[in-house]
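Okay, thanks for coming, everyone. I'd like to walk you through one structure today, so let me put it on the screen.

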Amino acid sequence: MSPKIVLYHFPISGPCRGALLAARAIDVPVEIKIVDLFKKEQLKEDFLKINPQHCVPTLDDDGFVIWESRAIACYLADKYGKDDELYPKDLKRRAIVNQRLHFDSSSLYVKIRAICFPILFQGVTEIKEPLKNDLNVTLGFLEEFLKSSKWVAGDNPTIADTSIYASLSSILAVGWDISLFPNIQRWIKLCSTLPGYAENEQGAKEFGEAVKKNLKS
Ligand SMILES: N[C@@H](CCC(=O)N[C@@H](CS)C(=O)NCC(=O)O)C(=O)O
């Protein structure tokens, strides 16, 4: 019997969708258990026993528990990848993928969260210019990465694409203007070929609607 792999997930969460898009690209079967953050289910005793940091996504691979979406993607790709295309073993190619993953977790996702979290949870109703500029500067870096390569870390899709696309799709669903970024626009079209794309879009759409509902028109 194959081991049971459970992904604790909440579809509107970008990090959750990043881990799931990676799992879909790797083609590893995961059982999805929804942790409804709007109902604070992450604070239930049973979930806290699994992840005392009470965040999703969290992966339980037959008793081995790990969280942080990008760490989950790396683990799944290393353990279940059919080859090393999604997460190369070659030191330099892997370093580039890691750099892009860290760019996402420490910059792109952070800028998107800085805009959306206060709108979703703190009564903020508009996006202030400095936050807009901050995100656009970061998108400029992504635009630059995509100038010299088809995907964000080379000529084939990797877990850097699944992670970054999951983040970006959240803000696209809010209606972000990316007309200044032609390479990003080109890459977004490519991302529509990723397995799990439609599932990601559905979660992103729900995220976008939740944010837009709180924005002053
Ligand atoms: N850096 C983490 C972020 C995880 C995270 O912040 N998850 C949020 C949802 S987007 C969460 O679970 N929040 C509930 C909580 O922390 O109690 C990752 O990439 O997995």
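Before the domain annotation comes up, a word on what such a label is: UniProt positions are given here in the numbering used for this chain, feature names are shortened, and annotations may be inferred rather than shown by experiment. Also keep in mind that this is a predicted model.

So, the label itself. An unreviewed UniProt entry marks residues 90-214 as "domain: GST C-terminal". What is the chain like over residues 90-214? It's 74% helix and 0% strand there, and the C-alpha atoms at the two ends are 46 Å apart.

Now to the ligand. The space it takes up is the largest pocket. Who's around it? You'll find S13, P15, L37, Q42, H54, C55, V56, P57, E68, S69, R70 and Y109. Sort that shell by type and you get six nonpolar, four polar and two charged residues.

Which side chains make polar contacts with the ligand's oxygen atoms? Q42 has a side-chain N or O atom 3.1 Å from a ligand oxygen, and H54 puts a polar side-chain atom 2.8 Å from a ligand oxygen. Then there's E68, with a side-chain N or O atom 2.7 Å from a nitrogen of the ligand. As for cover, the ligand on its own has 510 Å² of accessible area, and the protein covers 75% of that.

Stay with the shell for a second, and look at V56 and P57, which are both part of it. The peptide bond joining them is cis, with omega at about 5°. P57 sits in the loop between helix 2 (45-50) and strand 3 (58-61).

One last spot: D27. Its phi is near 65°, a positive value in a residue that isn't glycine. You'll find D27 in the loop between helix 1 (14-26) and strand 2 (31-34).

How values were computed. Residues are numbered from 1 along each chain as its sequence is written. This is a predicted model: local features need pLDDT of at least 70, side-chain atom pairs count only at pLDDT 80 or more; totals for chains, interfaces and linings use all residues. Side-chain values use heavy atoms; hydrogens and water are left out. A residue is near a molecule or strand if one of its heavy atoms lies within 4 Å of it. A polar contact is a pair of N or O atoms within 3.5 Å; within protein, one must be able to donate a hydrogen and the other to accept it, and residues adjacent in sequence count only if both atoms are side-chain atoms. Accessible areas come from the Shrake-Rupley method with a 1.4 Å probe; for residues, only the protein chains shown count as cover. On a 1 Å grid over the protein atoms alone, a cavity is a set of points where a 1.4 Å probe fits but cannot get out, and a pocket is an open set with protein on both sides within 12 Å along at least five of seven lines; lining residues have an atom within 4 Å of a point. A molecule sits in a cavity or pocket if more than half of its atoms lie within 2 Å of its grid points. Ala, Val, Leu, Ile, Met, Phe, Trp, Tyr, Cys and Pro count as nonpolar, Asp, Glu, Lys and Arg as charged, and the others, Gly among them, as polar. Helices (H or I, at least four residues) and strands (E, at least two) are DSSP runs, numbered from the N terminus.
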